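User: I would like a careful, close look at a single part of this model, set against the chain that surrounds it. Please give the cut-offs behind each term as you go.

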Amino acid sequence: AIYHVTVRGNARQIIFRDDRDRHLLQARLAESVDTYGVRLFVFCLMDNHLHLVLETPRANLSRFMQSLLTGYTVVFNLRHRQPGHVTQGRFHARLVQGDEYLLKLTRYVHLNPVQKEPCASKPLGERIDLLRTYPWSSYLGYVVGSKRADWVVYEPMLALIGGRKKHQAERYRQFVETGLAEGDEEFQAVMRQ
């Protein structure tokens, strides 16, 4: 099955204090994807939450997420010399059905860094520039082939965008960035439910 997984910080507090924390989560994510045979299509790390769009061919989402979050929590707590929970309870997972929804979901996740304040009120050009330089999501791997992480599977989502393979990255960039200008209220309403 394909899932949209979200994880929030405990009491909506930050879960990444600095870039080193983000690198640690990415390393843990790469290791867990390999260990559990998960196909990760999209990710986005925000200050107080994260998004994953992934497929679990082995039907092992809970074990994968437990390993990912427990491992990250242990390292985070040791590094910052604190006890307790880092994330707010259990992760939230929504089953993804339908290619059109899946493609819109990838856009929603990739636009997350520029849809929230303080970025949301900036002019469109600035938001696009921020999106194209945001290092903590899979977006750059989709639109700049040299930025691809070997633990993210890009081809299925690019195939959904259609067209000739050599133009798919550009078509995907246009699809995502057009969403910035148009908004996607209907999709975001579904996500709030």
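What percentage of the 193 residues of the chain count as buried? Against that background, please look closely at strand S3: how many of its seven residues are buried, and which residue is the bridge partner of Val 42 in S3?

Analyst: This is a predicted model, in which local features need pLDDT of at least 70 and side-chain atom pairs count only at pLDDT 80 or more, while totals for chains, interfaces and linings use all residues. Residues are numbered from 1 along each chain as its sequence is written, and side-chain values use heavy atoms, with hydrogens and water left out.

Of the chain's 193 residues, 47% count as buried, a term that stands for under 20% relative accessible area, with exposed meaning over 50% and partly exposed lying in between (1.4 Å probe, protein chains only). The chain holds eight helices and four strands, taken as DSSP runs (H or I over at least four residues for helices, E over at least two for strands) and numbered from the N terminus. Their order along the sequence is β-α-β-β-α-β-α-α-α-α-α-α.

Strand S3 covers residues 49-55, and because six of these seven residues are buried, S3 is largely enclosed by the rest of the structure. S3 has pairing partners in S1 and S2, where pairing requires that DSSP find at least two bridges between the two strands. With S1 (residues 2-8), S3 runs antiparallel and is joined by seven bridges, and within this pairing Val 7 has Leu 50 of S3 as its bridge partner. With S2 (residues 39-45), S3 again pairs in the antiparallel sense, over six bridges; here Val 42 is matched with Val 53 of S3, and a hairpin of three residues leads from S2 to S3.

The S1 partner also contains His 4, a buried residue with a relative accessible area of 3%. Computed along the sequence, His 4 lies 27 residues from Glu 31, and their C-alpha atoms are 19 Å apart in space.

For the chain as a whole, residues 24 or more positions apart supply 70% of the contacts with a separation of 6 or more, a contact being heavy atoms within 4.5 Å. The radius of gyration, taken over C-alpha atoms and compared with a globule rule of 2.2 Å times the number of residues to the power 0.38, is 16 Å, which agrees with the value near 16 Å for a compact globule of 193 residues.
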